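Okay, thanks everyone for squeezing in. I'll put the fold up on the screen and then walk you through how the inside is put together.

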Amino acid sequence: MSAKGVAVVTGGGSGIGRGVALTLAKAGYAVAIADLNEAAAREVAALAGPSARAIVADTAERDAVEALADAAEAMGPITVWVNCAGTAGLAPIVEITPEFYERIRRINQDGLFWGCAAAARRMIPRGQGVIVNISSNAADQPMPQLSVYAMTKAAANMLTRSLAMELGPHGIRVNCVAPGFIATPMTMAAHSPEERERILAANALRSPMGLTGTPEDIAGAVRYLVSDEARFVTGQTLRVNGGVSMP
């Protein structure tokens with residue numbers, strides 16, 4: 001068992017979640033890598049080391065999240081919970097179907113909520129813990145055809161603040177990381193190699209530093225927030241977006 005305890009990372013099989021899982025493993029946590037894609041989760045667990053474990057879970061389902069928490073707790077005390085699982089989709093509001101709406105809401109909003117609840121239920125008796133939610137620049141910066149996604153990410157920001165107030169007396173810190181555009185399988189899946197190059201170049205131009213973010217940039221912010229160096233930080237949204245927006 002790791003001296004730092006167990007870090008649960010939802011959506012840990014790819015993208016930002018993968019980067020977070022590997023970074024926290026290097027920082028000394030036993031990492032529970034939760035993902036619907038078992039092969040991807042196992043691949044990350046193998047890279048993360050012998051203390052890591054892949055757990056298949058549909059984080060949009062409350063019972064599945066509770067089962068994930070039980071499985072992770074069998075590895076040791078849960079000291080960190082990072083809600084990375086998410087999805088996106090572009091559509092004009094007049095074309096959004098109930099199925100489209102429910103899919104994004106359940107994964108991004110319900111899954112994050114149940115993850116926070118499962119973490120809190122296990123951290124409160126121990127009087128300590130850290131929860132980090134992954135939000136998005138879309139919560140601050142309106143963009144066409146991203147209404148459902150942006151709504152769920154704005155909810156993540158507010159839930160973070162609410163839970164920081166509620167759980168602080170129990171020794172639990174709750175913070176949020178809001179990435180700008182990050183090149184991941186989710187953001188790039190629907191594009192050709194040529195389109196990907198154009199997207200990366202366009203997003204770099206929006207940053208004062210001329211950069212596009214990577215999963216490791218977000219993982220570094222998470223590593224800080226779960227560390228003792230951030231002991232006085234709670235209820236905050238850390239915007240890691242290369243300066244694209246500065247609310």
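So, which residues have the most contacts inside the largest nonpolar core? Before I get to that, a word on the model: it's predicted, so local features need pLDDT of at least 70 and side-chain atom pairs count only at pLDDT 80 or more, while totals for chains, interfaces and linings use all residues. Residues are numbered from 1 along each chain as its sequence is written, and side-chain values use heavy atoms, with hydrogens and water left out.

Right, the answer: Val-20, Leu-24, Ile-33 and Val-82, in a core of 31 residues. By nonpolar core I mean buried Ala, Val, Leu, Ile, Met, Phe, Trp, Tyr and Cys residues joined through side-chain atoms within 4.5 Å, and buried is under 20% relative accessible area with a 1.4 Å probe, protein chains only. Two or more residues each come from β1 (6-10), α1 (15-26), β2, α2 (38-48), β4, β5 and α8 (215-226). Those names are DSSP runs numbered from the N terminus: helices are H or I, at least four residues, and strands are E, at least two. The biggest giver is α8, with six residues.

Take Val-82. Skipping neighbours within four places in sequence, Val-82 is in contact (heavy atoms within 4.5 Å) with, among others, Val-8, Val-20, Leu-24, Val-132 and Val-222. Apart from this core there's another one of 29 residues, including Trp-81, Leu-112, Ala-164 and Val-174.

Now the sheet. It's open, seven strands, parallel pairing, in the order β3-β2-β1-β4-β5-β6-β7; pairing here takes at least two DSSP bridges between two strands. At the edges sit β3 (53-56) and β7 (237-240), each pairing on one side only. Between β2 (residues 30-35) and β3 there are four bridges, and in β3 it's Arg-53 that partners Ala-32.

On to the helices. Lying across β4 (78-83), β5 (129-134) and β6 (172-179) is α4 (residues 98-123), at about 175 degrees to β4. Angles run from 0 to 180 degrees between N-to-C directions, with axes fitted to C-alpha atoms, for helices over the stretch in contact. Then α5 (residues 147-167) packs on the sheet too, touching β5, β6 and β7.

And how do α4 and α5 sit together? Their axes come within 10 Å and cross at roughly 15 degrees. That's why α4 counts as roughly parallel to α5, the cut-off being under 35 degrees. Among the residues meeting there are Phe-100, Ile-104 and Leu-112 from α4, and Val-148, Leu-159 and Leu-163 from α5.

Notes. Buried means under 20% relative accessible area, exposed over 50%, partly exposed in between (1.4 Å probe, protein chains only). Angles under 35 degrees count as roughly parallel, over 145 as roughly antiparallel, 65 to 115 as roughly perpendicular and the rest as oblique.
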